[in-house]
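Colleague: Could you take me through one part of this model closely? I'd like to see how a pair of helices is arranged and what lies between them.

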Amino acid sequence: MKQNHLILLLLPTVVFSSFFLLKPEELTEDTYTTFDGYTINTLRTLYSQEKSNWPKPTLDKTAEDGFVDIGPLPKPTYPKHNPYSEEKVALGKRLFFDPILSKSNQIACASCHVPELGWGDGKRQSHGHNRQLGKRNAPTILNAGHWQTLFWDGRAPSIEAQALFPIQDPVEMNQNLDELVKELQSHETYPKLFKQAFPEKTISPETIGQAIATFERGINSQSNRFDHFVEGKETLLSDLEVEGLHLFRTKARCINCHNTPLFSDNKLHVTGLHQMGRPFEDLGKYNVTQDEADIAKFRTPSLRDVMYTGPWMHNGLFDDMFGIVALYDKAIPVGKKHPKKEYKLPFPEQSELLKPLHLTKREKEAVVAFMQAISSRPVFMTSPL
């Protein structure tokens, strides 16, 4: 049974019908024109040229600030306080795969961030210390070097800081950092590896975080068919994928949040999937700041390699991309306030970027096809242990 079935009682009938009854339309002839009159061949020519020739994106005023269009992803940069070195990468990789970071010595970073599973774990929610079930879906660490904040609620300002959160979390690895430092100091191998990576520093939470962060900055998506297509190889996308690209930037409005080459605006929004007052309630950034303005705000996930990083959303409740598109087409009605229900906190208003889209079945299928075009298969990586 699909995981979506877990939330049937939470979804109104209109969303249920969109999720499970919509069927992809068959492709039409080459002369098919889009909602705004473009032929697929014209779009293929425009999008495989310079961005200045692309059709204008459909952007709300609130999305225009800092907007950068989609395109190939550049290589990440390394911060001055933690510059790149091969020794740090080697140390960080070993730490990432080593369960020594957990109190039980049974859980590693790689337990929830598996290379062949898109650097997630393929689960709705991850299991941690003593098989405790976490509250959120383990996000992929692909392209981590391009994030401005980390975690679904944006609570970590850097990868270096993020790396230490799961180690200490009682539900995840449940490790005391001071105890971890002692364990690494008495290890037969780690003192030498730390000395090679940090000649002027000792084993500490700081150097642990810096080593793991240096390794993670090197975990990046491979170039996908979309990347090569917009660089001029105009035969790499199917007609349906080209239509999906155009819809992504226009009628489907995805570009309002999923912009930049990362396919994320690096911002936090209220999408309506907080489930306030329901069994899967999660108040997002509010849990960190206790600021009512942050209730139900979650970070926009990257869509690069998205077809290999499911299940999706902060709670992992969705395993059908066509259903997700159908949900956004209805402006996520599950996020509306119930008129007869009382709430302990102010009910969050959904982002004004969410609007009914009125997509046809074919258009929904085209958007999903484009999700495949921006997804490159995960690269297998063996453990160094």
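Modeller: Happy to! Helix 2 and helix 12 are roughly perpendicular to each other, a label for angles of 65 to 115 degrees. Their axes, lines fitted to C-alpha atoms over the stretch in contact, come within 9 Å and cross at roughly 70 degrees. Please keep in mind that this is a predicted model, where local features need pLDDT of at least 70 and side-chain atom pairs count only at pLDDT 80 or more. Residues are numbered from 1 along each chain, and side-chain values use heavy atoms, without hydrogens or water.

Now to the contact, meaning heavy atoms within 4.5 Å. From helix 2, Ile40, Leu43, Arg44 and Tyr47 take part, and they meet Asp239, Val242, Glu243, Leu245, His246 and Arg249 of helix 12. By type, these residues divide into five nonpolar, one polar and four charged.

Helix 12 itself is mostly covered, with ten of its eleven residues buried, that is, under 20% relative accessible area with a 1.4 Å probe. Among them are Val242, Glu243, Leu245, His246 and Arg249, which also appear in the contact with helix 2. The buried residues of helix 12 pack against helix 2, helix 11 and helix 15.

The largest nonpolar core (buried nonpolar residues such as Leu and Phe, joined through side-chain atoms within 4.5 Å) has 44 residues, and Phe248 is one of those touching the most other members. Helix 2 and helix 12 are among the elements giving two or more residues to this core, while helix 15 provides the largest share, seven residues.

Terms used
Buried < 20%, exposed > 50% of the residue type's maximum accessible area, 1.4 Å probe, protein only. Helix = DSSP H or I, 4+ residues; strand = E, 2+ residues; numbered from the N terminus. Axes fitted to C-alpha atoms, helices over the stretch in contact; angles between N-to-C directions. Parallel < 35°, antiparallel > 145°, perpendicular 65-115°, else oblique. Nonpolar A, V, L, I, M, F, W, Y, C, P; charged D, E, K, R; others polar.
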